[in-house]
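Colleague: I am new to this structure and would like to know how each description of it is justified. Could we go through the reasoning together, beginning with the ligand?

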Amino acid sequence: MRVFVTGGAGFIGSEYVRAMLAGAYPGYEDAEVTVFDLLTYAGNTANLPMDHERLTFVQGDIRDGAALERALPGHEVVVHFAAESHVDRSVAGAEPFVSTNVLGTQQLLDHSLRAGVGTVLCVSTDEVYGSIESGSWDENEPLLPNSPYSASKAGSDLMARAFWRTHKLDVRITRCSNNYGPYQNIEKLIPLFITNLLAGKPVGLYGDGGNVREWLHVSDHCAALQRVLTDGEPGEVYNIGSGVEVTNRSIAERLVQLCDADPGLIRYVEDRKGHDLRYSLDFGKITKLGFTPAIDFEQGLADTVRWYRDHPSWWSSDS
Ligand code: NAD
């Protein structure tokens, strides 16, 4: 089995690759893994066991058809993580998001079709559904994205669906809630707050801090992706969630405690433009495939704080 992982040097993709190479996924213990990653600011080869005998690393851009044509043939499976992923950056400038997340996905799908890839798993986000005040979204909800990031991911999802409907390419789409865990770029909320608090620096909460996110540990997300790959159906969409809904204010307060920091370091800053109030997934469909989150949120958060505390050289430019 040869597995082609786009964006495999990023936060979630590298967790997936490390787990697969460590033999965590039944039936894939001998899989040969190709990581295809542009190494943007978010990609880091230090996240990967680069000298592993079953890992091949290719620095490449999913928008580059010729590079895909060279690298893709011979792979049975594509797991597509590569994306511009930070909402704040998409507010500052949408162009790279449309370019990589929409056009890049289209190139990848085109070349997967030509190369005869068996299955393409497209990793997407709950943010494509928009914002919900009460209740939870199932997979049949309309896509109502509010940020340029989520709009570009919705474009990616719709292109994937079109390749299934038009070409019968076996494409599966997953939409996951917010992830946390080790190796996440420190621009994102949890690692940003941890690393600031450990350094005694203030952390800024948007608005009144009442925005609600549903948190899932990255290793649970990857286990769910593997479940969709092995037991899911072509052309289907699967929500991946945890049911753990927490306000950003509560996250900040827990992290203050876990980092032994001064509560006065929590500051309130002007809200993000178009800030979604709440995300909440109905993930009953994937539980029918046998998925349930394994990592308790309180334990996972404490372990994540410990990881950043123990790995300052990974995240700090001056240590
Ligand atoms: P990340 O920003 O940490 O990593 C993205 C990776 O993609 C990086 O290694 C980067 O170098 C690579 N990349 C970017 N543009 C590329 C291009 N044009 N060609 C090839 N490689 C490119 O992102 P992440 O948090 O690991 O997210 C991975 C996927 O999961 C994304 O598609 C994201 O939308 C989705 N997702 C993330 C979350 C979350 O909470 N982080 C939740 C749900 C879904």
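Modeller: This is a predicted model, and in it 29 residues surround the ligand, of which Ile 12, Asp 37, Ser 85, Tyr 149 and Lys 153 come nearest.

Colleague: What makes the pair between the side chain of Ser 85 and an oxygen atom of the ligand a polar contact?

Modeller: A polar contact needs a pair of N or O atoms within 3.5 Å, and an N or O atom in the side chain of Ser 85 is 2.7 Å from an oxygen atom of the ligand, so the pair meets the cut-off. The cut-off is also met by Tyr 149, with a polar side-chain atom 2.6 Å from a ligand oxygen, and by Asn 179, where a polar atom of the backbone is 2.9 Å from an oxygen of the ligand.

Colleague: How much of the ligand does the protein cover?

Modeller: On its own the ligand has 840 Å² of accessible area, and the protein covers 96% of that.

Colleague: Which elements give two or more residues to the shell around the ligand?

Modeller: They are helix 1 (11–21), strand 5 (119–125), helix 5 (148–167) and strand 7 (178–180), and strand 5 provides the largest share, three residues. Sorted by class, the shell holds 13 nonpolar, twelve polar and four charged residues.

Colleague: How do you know that strand 4 pairs with strand 1 and with strand 5?

Modeller: Two strands pair if there are at least two bridges between them. Strand 1 (residues 2–6) is joined to strand 4 by four bridges, and the two run parallel, with Thr 6 having His 80 as its bridge partner. Strand 4 and strand 5 are likewise parallel, with four bridges, and Val 78 stands opposite Val 120 in strand 5; both pairs of strands therefore satisfy the definition.

Colleague: Which way do the residues of strand 4 point?

Modeller: Val 77 and Val 79 point one way from strand 4 (residues 77–80), while Val 78 and His 80 point the other way, and all are buried. In a regular strand, side chains alternate between the two faces of the sheet.

Colleague: Why is Asp 260 called exposed?

Modeller: Exposed means over 50% relative accessible area, and Asp 260 has 65%, so the word applies. Asp 260 is placed in the loop between helix 8 (248–258) and strand 12 (266–269).

Colleague: What makes the phi of Asp 260 worth a remark?

Modeller: Most residues other than glycine have a negative phi. The phi of Asp 260 is positive, near 50°, and Tyr 183, in the loop between strand 7 and helix 6 (189–198), also has a positive phi, of about 70°.

Methods. Residues are numbered from 1 along each chain as its sequence is written. This is a predicted model: local features need pLDDT of at least 70, side-chain atom pairs count only at pLDDT 80 or more; totals for chains, interfaces and linings use all residues. Side-chain values use heavy atoms; hydrogens and water are left out. A residue is near a molecule or strand if one of its heavy atoms lies within 4 Å of it. A polar contact is a pair of N or O atoms within 3.5 Å; within protein, one must be able to donate a hydrogen and the other to accept it, and residues adjacent in sequence count only if both atoms are side-chain atoms. Accessible areas come from the Shrake-Rupley method with a 1.4 Å probe; for residues, only the protein chains shown count as cover. Ala, Val, Leu, Ile, Met, Phe, Trp, Tyr, Cys and Pro count as nonpolar, Asp, Glu, Lys and Arg as charged, and the others, Gly among them, as polar. Buried means under 20% relative accessible area, exposed over 50%, partly exposed in between (1.4 Å probe, protein chains only).
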